[in-house]
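Student: I would like to learn how to read a protein model feature by feature. Could we go through one together?
Tutor: Gladly; here is the one we will use.

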Amino acid sequence: MAKKVVIIGGGPGGYVAAIRAAQLGAEATVVEKDALGGTCLNWGCVPTKTLLHAARLYRLFQNTRKLGVYATGSFRFDKMVENKNAVVKTNVAGIESLFKRHNIKTLKGTGRLLDQSTVGVQTGDGNLIRETADAVVIATGSEPLVPSMIRLDKDRILTTNEVLDLDHRPGSIAIVGGSVSGCEFACLFGLLGSTVTLIEMLDCIVPTEDTEISRRLQGALKNLGVRVMTKAVIKTVEKEYPEGSTRLTTESGDQIKADYCLLAMGRKPDVEGVGLEHVGIEFSSKGITVNERMETNIRNVYAIGDVTGKLLLAHVASQQGIVAVENIMGIDSTMDYSAVPSFIYTDPEIGSVGIKEQEARAMGMDVLIGKAMFKTNAMAHALGNTTGFVKTLMDRETGRVLGVHILGPHATDLLSEAVTIVKTGMTVKEVKGVVHPHPTLSETIKEAVLASVDQAIYG
Ligand SMILES: Cc1cc2nc3c(=O)[nH]c(=O)nc-3n(C[C@H](O)[C@H](O)[C@H](O)COP(=O)(O)OP(=O)(O)OC[C@H]3O[C@@H](n4cnc5c(N)ncnc54)[C@H](O)[C@@H]3O)c2cc1C
């Protein structure tokens with residue numbers, strides 16, 4: 001008899017887990033209280049990138065004269081949102097059809113563990129369906145983090161969910177949080193001409209990125225007209241009456257007024273109401289505790305994705321889903337976080353994988369840095385976009401490439417090659433033997449790696 005796997009949550013963790021389970025011969029059921037695709041498809045990765053692509057295209061059209069193209073640029077924000085909604089709908093429909101093809105059952109409702117092998121599903125019409133399972137996977141994701149001193153009104157004071165449903169471009173917007181989402185939204189509205197203030201409490205934006213890249217992004221946002229405030233801790237966020245705008249104050253007494261305030265201050269794992277205490281599953285406000293096989297402390301109960309509080313990224317959630325399900329189906333599988341890519345879809349784009357220069361220095365590692373600038377790349381010139389660079393870190397002793405960090409055109413796409421290099425532990429010698437197509441932006445990766453070899457020989 002086929003194994004029964006019940007998955008609570010249909011985001012990129014849950015739906016990928018369900019498909020893998022079905023591929024391996026399990027009977028898979030997904031319980032979803034809202035929309036299949038979760039945050040990623042409905043309120044995260046896909047809608048933001050769709051809007052950003054449109055905004056970048058608009059900005060590109062303002063600057064095509066040097067390419068000999070005379071385009072008149074204007075935009076309608078409501079149409080951009082309409083297109084974004086259509087893209088989301090198509091992607092959700094794609095998951096539904098994949099589920100159909102794999103005979104995956106979907107139960108619409110809120111799932112809760114009744115015991116370690118039974119999930120109760122509270123449906124919209126008040127019924128409770130009981131689903132028994134050989135294994136349960138918790139994939140409930142995360143929610144926007146809103147500090148208790150801020151009252152969200154969902155009209156002017158918004159999270160990343162509500163801001164995606166605005167039907168007009170804000171005249172002005174204050175964005176609290178200079179991490180990935182905050183920067184992407186600052187870029188989106190900056191490109192479209194809103195007056196944007198980006199407020200970060202640390203001394204730099206995107207602090208998890210390479211220091212040089214973080215500094216360059218800050219400069220690029222400033223060039224777009226975004227006011228970037230660092231070391232600014234928000235004390236209050238209020239709605240102004242009767243104007244209906246927002247007023248923010250910082251601990252040092254600065255005041256920022258804007259039509260809208262977007263809170264992009266991080267996310268918290270969705271651990272409430274899933275029956276974790278009831279079954280005795282170990283968790284904290286940081287997420288459900290799991291091992292590298294994605295097992296919780298309770299036999300046959302697994303957890304994946306944002307709810308585990310590891311790395312809050314869609315591709316991590318999906319990989320964790322595959323690992324969990326393979327273990328359920330008897331295939332020994334573990335999660336490896338050593339070469340997880342991260343990227344920011346700003347203008348210029350950022351992509352990074354592996355160790356960063358500041359981390360290597362802090363650990364006293366002996367690394368050689370290689371760098372290649374897009375201004376020496378033929379394809380970047382053909383595209384009319386020569387901003388940025390590729391930076392690589394090589395271990396002097398082994399010659400292995402330990403990290404690749406890119407700022408520049410199509411950095412997010414270039415990253416896949418870098419991930420392969422770092423994940424497979426390729427040495428400089430091996431990268432040297434790879435022939436890249438010409439003219440392409442990807443040539444910069446090999447060039448940067450070779451630049452670190454030059455240092456090894458001559459430095
Ligand atoms: C603005 C924004 C942009 C982002 N951009 C990117 C990006 O470009 N790349 C990237 O990798 N990541 C991005 N992320 C992060 C990414 O969206 C998440 O890491 C990813 O969605 C996590 O997947 P998940 O399956 O763990 O959870 P989620 O996608 O949050 O899915 C969880 C699902 O579970 C459902 N659920 C919760 N509780 C229950 C319950 N009790 N019963 C039934 N259903 C339940 C929810 O309705 C939801 O559909 C972005 C996030 C945001 C907010």
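Student: Among contacts in the protein between residues at least 6 apart in sequence, what percentage join residues at least 24 apart?
Tutor: Keep in mind that this is a predicted model. Of the contacts between residues at least 6 apart in sequence, 63% join residues at least 24 apart.

Student: How do I judge the overall dimensions, and what radius of gyration does the protein have?
Tutor: The idea is to set the value beside that of a compact globule with the same chain length. For 459 residues such a globule would have a radius of gyration near 23 Å, and the protein agrees because its own value is 23 Å. Along the principal axes, the C-alpha atoms fill a box of roughly 65 × 65 × 45 Å. Buried residues account for 51% of the 459.

Student: And how many helices and strands are there?
Tutor: The secondary structure comes to 14 helices and 25 strands. In a regular strand, side chains alternate between the two faces of the sheet.

Student: Could we look at one pair of strands? In which sense do β5 and β6 pair?
Tutor: Strand β5 (residues 118–122) pairs with strand β6 (residues 128–132) in the antiparallel sense, over five bridges. Q122 stands opposite L128 in β6. The two strands form a hairpin with five residues between them, and G126 in the turn has a positive phi of about 90°.

Student: Which residues other than glycine have a positive phi?
Tutor: Two examples are M294, with phi of about 70°, and H410, with phi near 55°. M294 is in the loop between β19 and β20, while H410 is in the loop between β25 and α12.

Student: Are their surroundings alike: is M294 buried or exposed?
Tutor: M294 counts as buried because its relative accessibility is 0%. H410, at 41%, counts as partly exposed.

Student: What about peptide bonds: which ones are cis?
Tutor: Omega is the angle to check. The bond from D347 to P348 is cis, with omega near 10°, and so is the bond from H438 to P439, with omega near -5°. P348 has its place in the loop between β21 and β22, and P439 in the loop between α13 and α14.

Student: Last one: how do I read a single residue, and what does K239 touch?
Tutor: Start with its element, then its exposure, then its contacts. K239 lies in strand β13 (residues 234–239) and counts as partly exposed, at 22% relative accessibility. Leaving aside residues up to four places away in sequence, K239 touches D153, D155, R156, I157, S245 and T246.

Key
Residues numbered from 1 in each chain as written. Predicted model: local features only at pLDDT ≥ 70, side-chain atom pairs only at ≥ 80, totals over all residues. Heavy atoms only, no water. Pairing = 2+ DSSP bridges. Helix = DSSP H or I, 4+ residues; strand = E, 2+ residues; numbered from the N terminus. Rg over C-alpha atoms; globule rule 2.2 N^0.38 Å. Buried < 20%, exposed > 50% of the residue type's maximum accessible area, 1.4 Å probe, protein only. Contact = heavy atoms within 4.5 Å.
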